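Biologist: I would like to learn how to read a few features here. Shall we start with burial?

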Amino acid sequence: MRRARVAYSGAIHEATAAEDGVLRLADGRFVREDAVVWLPPFRPRTIVALGLNYADHAKELAFNAQDEPLVFLKGLNALVGHRAQTRRPDDATFMHYECELAVVIGRPARRVSRAAAYDYVAGYTVANDYAIRDYLENWYRPNLRVKNRDGCTALGPWLVERADVPDPMRLALRTTVNGKVTQEGNTRDMISDVPFLIEYLSGFMTLDAGDVILTGTPEGVVNVLPGDEVVTEIEGIGRLVNTIVGDEAFGRSVQR
Amino acid sequence: MSLVSGTLYGVLLNYQGALAALGDAVHQPPYKAPPKAPVLYIKPANTWIGDGAPIPVPADIEALQMGAALGVVIGRTACRVPAGAALDYVAGYVVVNDVSVPHDSFYRPSIRLKCRDGFCPIGTRIVDRARVPDPDALAVRVFVDGALRQQNTTAHLIRSTAQLIADVTEFMTLSAGDVLLTGVPEGAPLARAGQRVAIEIEGVGRLENPLVAEGQA
């Protein structure tokens, strides 16, 4: 089952995929996909993100081997849904997308073993977790000014239930910018795989329903500009569309 | 914890003494320069516990660091707020203990050190903004087993409460129910399983928690 959360006709609805291009709202109405505002497909709680979890991307950013996963957290302000706009500040010189498999936790998970880890997963969605590298400082990297900006983490379109994803560690990832392929990878190349991440995190922090783990991105990140349409896509999970907009749209003065 | 309905943010090195304690290291690798913008981190929902609840001490850790912090509870959406108006966006204040496993590096510390279950006791009472006329002049005291172990004041913040809200909301929106800590003073005391820690912030309140060996809470 593919589930979505959408705003339609003055309210927020849970919805499921009906026939192509059509959603069925929980109240029985059928609506076209382009007639709704897409929200992140589940109610989020703690947002966990992985840095450098693909060997090729770590190499791309000139990082050395790690002794434990590089984990950081994000706030709810960062989240937007499918077909949202994301702001690129006027002074940025390098803003890039990151196509990531997002693992959504379904129930309390504390000290879960690798072997049992998938039992705690509700499902999967696609994340596009932008970074603006101009703001990187060498304190608590990656500092939140780089990674926790409003609307810089898109999630969606669907929460695909765990039962419908037989092997999450063998999914192709792909990003296109204005239709041109810029990033390709496969979840099989993760350094820390999904069961390990659940075992590792639940070993010191109790995960709960709505917690989400953004599992990192492969190589192939490039700068994006206002007007660009960025599509992050994961095989069997979904195709998440996002558009970059400039400061003008946010009432900020632009210096040129 | 209904007190925090959004995200709880901490800020690194916002006391003058905490930054000074690093000395010239702030200019050396891996940091290379002192912080420019506020350096934030998140204490996630699993860390939140109430007044009186036990702080679990991991078996392999001798003592934990007690981080006395003033929590600023946001009352309404704050986006690009000027410092002069920033306190208008505050609902009130609360005492918070930002617990850490002691660590020396601020470059990329593991969240294991700050985000374990129970690592963020939060006072039960929000003191209304109107009853705290100057959040930048509050005495902060930490007691371990009743003995005064740390004393400082929010007058020693690098970014005042209002300036911090202004500088944070320049790059991210704070919403009602979010909490922003204004920093932890230098020399945060250590406490071990079996001890009790109490944090007092003048005019805001007192937060007291026992430390208990993990698994025995």
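Biologist: Which residues of H2(B) are buried?

Modeller: A residue is buried if 20 or more other C-beta atoms, placed from the backbone, lie within 10 Å of its own (exposed if 12 or fewer, partly exposed in between). Helices (H or I, at least four residues) and strands (E, at least two) are DSSP runs, numbered from the N terminus. In H2(B), the buried residues are B:Thr161, B:Ala162, B:Leu164, B:Ile165, B:Ala166, B:Val168 and B:Thr169. That is seven of the nine residues in 161–169, so helix H2 of chain B is largely enclosed by the rest of the structure.

Biologist: How far should I trust the numbering and the model?

Modeller: This is a predicted model: local features need pLDDT of at least 70, side-chain atom pairs count only at pLDDT 80 or more, and totals for chains, interfaces and linings use all residues. Residues are numbered from 1 along each chain as its sequence is written, with chains lettered from A and ligands numbered from 1 in the order in which they are written.

Biologist: What covers the buried residues of H2(B)?

Modeller: The cover includes four strands of chain B: S1 (8–11), S2 (40–42), S6 (68–74) and S12 (179–181).

Biologist: How many residues does each chain bring to the contact?

Modeller: Two residues are in contact if their C-beta atoms, placed from the backbone, lie within 7 Å. Chain B brings 30 residues and chain A brings 25. On the chain B side, S2(B) gives the most, with three residues. That side has 18 nonpolar (Ala, Val, Leu, Ile, Met, Phe, Trp, Tyr, Cys, Pro), six charged (Asp, Glu, Lys, Arg) and six polar residues (the others, Gly among them).
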